[in-house]
Amino acid sequence: MIHILIVDNHPIVRTGLELFLNSKPDFKVVGKLNSGIEIFEFVRRQKVDIIISEIDLPELNGITALRAIKKENNNVNVLMFSHQPEEIYAISTLKAGASGYLNKTVDTQTIETAIRKIHSGEVYLSEKMDKHYRYEDTRKSRSRLFKKLSTREVEVLKLLSIGRKNKEIALELDINEKTVSTYKARLFKKLNVTNIVDLIHQAKHHNLA
């Protein structure tokens, strides 16, 4: 039996996934959560094999939660299931410890396939992203801009884009406030902007936020 935890802040997504997954004889949804911060206590008291998680979560974003979960529970596999573009976030989440990435536009058969592949110890990406992940030649990739950014820079950019202040970002990512300023300066340089308004505009333009 594959024990699955669903983490998403949209009730219809949680319910839809639960109904579909529980229709499979060897799948069992053991919990549904609506925020990243709830994951930690849940996995401490309940057996979980795979977490299906959105990136955009209240209180604690999915990438930050992913990092922390993998530190405490390396045996738990995480499948990111997000509306965010895979060209930007798929490789970033794998670097942070995820075992796979699915865009929410996929069909149910793809979700089942991804879960089975991850449970067997493999990594799941779409065919398009798998090529980018396995081969170095990404010159024609839409994700060229993303390639310039580290996983942590993407996290900081995402939090800045939703209005978080440096102190709030430092608390959420468990880093020094001065370090946040350093990441912000790097983002200004890499995205060729001089102020926070232009930074957010560039991020949205390139689907980074």
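**A walk from the sheet out to the helices**

Let's start with one pair of residues: histidine 3 has lysine 28 in β2 as its bridge partner. One step back, isoleucine 2 is matched in β2 with phenylalanine 27. Both pairs belong to the place where β1 and β2 run parallel, joined by six bridges. Keep in mind as you look around that this is a predicted model.

Now zoom out to the whole chain. The protein chain has 209 residues, and 52% of them count as buried. Its secondary structure comes to eleven helices and five strands. If you take the contacts with a separation of 6 or more, 63% of them are between residues 24 or more positions apart.

The five strands make an open sheet with parallel pairing, and reading across it the order is β2-β1-β3-β4-β5. At the edges sit β2 (27-33) and β5 (100-103), each of which pairs on one side only. Going from one strand to the next, the twist averages 20°. Further into the sheet, β3 (residues 50-53) and β4 (residues 77-82) are also a parallel pair, held by four bridges. To find your way there, look for serine 53, whose bridge partner in β4 is methionine 80.

How covered are these strands? Take β1, which is mostly covered, with six of its six residues buried. Ile2, Ile4 and Ile6 point one way from β1, while His3, Leu5 and Val7 point the other way, and all of them are buried. Then there is β2, where five of the seven residues are buried, so this strand is largely enclosed by the rest of the structure.

Next, the helices that lie on the sheet. Helix α1 (residues 11-22) packs on it and touches β1 (2-7), β2, β3 and β4. The direction of α1 makes about 165° with that of β2. Helix α5 (residues 108-119) lies across β1, β2, β3, β4 and β5, and runs at about 160° to β4.

It's worth doing a quick sanity check on α5. With twelve residues at 1.5 Å a residue, α5 should span 16 Å, and its end C-alpha atoms are 17 Å apart, which agrees. Which residues of α5 are buried? They are Thr110, Ile111, Glu112, Ala114, Ile115 and Ile118. A bit of helix geometry helps when you read that list: an α-helix has 3.6 residues a turn, so residues three or four places apart point the same way. The buried residues of α5 pack against β1, α1, β2, β3, β4 and β5. After α5 comes glycine 121, which has a positive phi near 100°.

So how do α1 and α5 sit relative to each other? Their axes come within 11 Å and cross at roughly 70°. Angles of 65 to 115 degrees count as roughly perpendicular, and α1 and α5 are therefore roughly perpendicular to each other. The crossing of α1 past α5 is right-handed. On the α1 side the residues involved are Leu17, Phe20 and Leu21, and they meet Thr108, Ile111, Glu112 and Ile115 in α5.

Threonine 108 is a handy residue to click on here. Threonine 108 belongs to helix α5 and is partly exposed, with a relative accessible area of 42%. Along the chain, threonine 108 and leucine 17 are 91 residues apart, yet 8.8 Å separates their C-alpha atoms.

Last stop: helix α8 (residues 151-161). Here eleven of the eleven residues are buried, so α8 is largely enclosed by the rest of the structure. The buried residues of α8 include some with charged names you may want to look at, among them Arg152, Glu153, Glu155 and Lys158. Glycine 163, just after α8, takes a positive phi of about 90°.

Pick out glutamate 155, which is found in helix α8. Is glutamate 155 buried or exposed? Its relative accessibility is 1%, and since buried means under 20%, glutamate 155 counts as buried. What is glutamate 155 in contact with, leaving aside its neighbours within four places in sequence? The list is Asn61, Ile63, Thr64, Arg67 and Leu173.

Conventions: Residues are numbered from 1 along each chain as its sequence is written. This is a predicted model: local features need pLDDT of at least 70, side-chain atom pairs count only at pLDDT 80 or more; totals for chains, interfaces and linings use all residues. Side-chain values use heavy atoms; hydrogens and water are left out. Two strands pair if DSSP finds at least two bridges between them. Helices (H or I, at least four residues) and strands (E, at least two) are DSSP runs, numbered from the N terminus. Axes are lines fitted to C-alpha atoms, for helices over the stretch in contact, and angles run from 0 to 180 degrees between N-to-C directions. Contact means heavy atoms within 4.5 Å. The expected span of a helix is 1.5 Å times one less than its number of residues. Buried means under 20% relative accessible area, exposed over 50%, partly exposed in between (1.4 Å probe, protein chains only). Angles under 35 degrees count as roughly parallel, over 145 as roughly antiparallel, 65 to 115 as roughly perpendicular and the rest as oblique. A crossing is left-handed if the near helix is turned anticlockwise from the far one by less than a right angle, and right-handed if clockwise.
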